[in-house]
Amino acid sequence: LRSGRYGVVVTRPGYVRRAMTATIVAGQEAPGVQVALTATGAIYGRIFGADGAGIGNVEVAALTSRFQNGRRTFSAVQTARSNDRGEYRLFWLPPGRYYIRATHRDAQSEMIGMPARSVGGFQIMGGSTPTGTYAVRGSGDQSSVDLYGPGGQNPDGSEYVPVYFPATFDEQAAIAIDIRAGSEQGSVDVPVTPVRARHVRGAVIDGATGQVAEYAGIREVPADPFARMGRVGMANSAPAPNNPDGSFDLELLPGRHTLMGTAGTGVGYVTVEVGDADIDGLTIVATPTFSVRGRLVTDGAPVPAADLESLRISLVRNLTVLPPPSSYSLPLPDGSFSLSATAGDFWISLAPLLNLGPLPPFLTRPKSLEHAYLKSVRLGNVDVLNSGVRL
């Protein structure tokens, strides 16, 4: 080898890949290097149905997690399929914490590229998610906005959806499994049975008047803000005389759902846990928009006005899903800013110093702020940087 610094990678089946560096000097032989490899582990178990019999050809995934905006998101590390007895085994897993997800072959996955279609005179974005909406009736004519997702249902109207260990449809309720070096965890069994959508009935309330909204819209907020809408995108309403009570009737699969209701200039959110029964009397209060004004203050050397203006201040709504920023503002040369908001709980994002979401590609850190950080966010005399702000 020529003189220089080299990267060395050591791999062996059943062990964690090990990377290291070595420096080679001309005319010299590097001293003996001992490489300690860490043994991997395994998770195994059984997938079974309502009758206790094993189910074959079910995709089982080992997932790792990370947190963003207080919400756990998953990424798959390894997948396997259950055999004819319903048994599966995920092996060569590096030490760590894993979540197990079982997806029946008939489970609906997100449909990409499904075109928009018009139903009852309203534009609807097609698509589906494992726990998305089956049908939506807006507060207009019931027969004209009754929307159903794509096929895949059983004759009785039930459908398979992904299930997380131990037995939940809500990924946020999944239980982790810790794998140590060389260890195996068995009896990680997951029941996979079809479920039926349940009715969620209620009304959108106009927060400005306290009355049921005459012109209301409702949709499910997707778990991923950059994914397509759920099985039903948005249900707009017809004029109030078609349905004076302004109610809605959603059909949602079991799991946790966040719904957004709009009325006039207002918007409201509610998170609902759907189980094995219908839900009645749900209300979503849509509050009007108002302004939140503030000012950026810097410690130490003054920051040029042009650099302050390059920052981006956002309100990120604190939900169980990850919605896009509710609004954002670019500071004026004197550091003042104004954000548009509605009632709710929020986090403060100051890109590119504190990013509560993907950083826009055009945002870069100015030289005067290379070593700066967001020290505090104060609402009156209270620091809300870590606790978030309730408006």
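The following exchange between a student and a tutor concerns a predicted model.

Student: What makes β19 and β20 a pair of strands?
Tutor: Two strands pair if at least two bridges are found between them, and nine bridges join β19, residues 255–263, to β20, so the pair is well established by that criterion and runs antiparallel. Within β20, Y269 is the residue that stands opposite M260.

Student: Why are β17 and β20 said to stand at the edges?
Tutor: The three strands form an open, antiparallel sheet in the order β17-β19-β20. β17 (216–220) and β20 (266–274) each have a single partner strand, and therefore one side of each is left without a neighbour in the sheet. On average, neighbouring strands of this sheet are turned by 20° against each other, direction ignored.

Student: Which residues have the most contacts inside the largest nonpolar core, and which strands supply it?
Tutor: That core has 22 residues, and those with the most contacts inside it are I43, I47, Y88, L90, I100, V190 and V192. At least two of its residues come from each of β3 (41–48), β4 (59–68), β6 (87–93), β7 (96–103) and β12 (177–179).

Student: What does V190 touch?
Tutor: Contact requires heavy atoms within 4.5 Å, and, leaving aside residues up to four places away in sequence, V190 touches R46, I47, F48, I100, A102, V163, F165 and P166. A second, separate core has 19 residues, including I313, L339, L350 and L385.

Student: Which strand gives the most to the lining of the second largest pocket?
Tutor: β22 does, with four residues. The pocket holds about 890 Å³ of space, and among its 35 lining residues R295, L296, V297, L374 and S376 are the closest to its centre.

Terms used:
Residues are numbered from 1 along each chain as its sequence is written. This is a predicted model: local features need pLDDT of at least 70, side-chain atom pairs count only at pLDDT 80 or more; totals for chains, interfaces and linings use all residues. Side-chain values use heavy atoms; hydrogens and water are left out. Axes are lines fitted to C-alpha atoms, for helices over the stretch in contact, and angles run from 0 to 180 degrees between N-to-C directions. A nonpolar core is a set of buried Ala, Val, Leu, Ile, Met, Phe, Trp, Tyr and Cys residues joined through side-chain atoms within 4.5 Å. Buried means under 20% relative accessible area, exposed over 50%, partly exposed in between (1.4 Å probe, protein chains only). On a 1 Å grid over the protein atoms alone, a cavity is a set of points where a 1.4 Å probe fits but cannot get out, and a pocket is an open set with protein on both sides within 12 Å along at least five of seven lines; lining residues have an atom within 4 Å of a point. Grid points are joined across faces, edges and corners, and a volume is the space filled by probe spheres set on the points.
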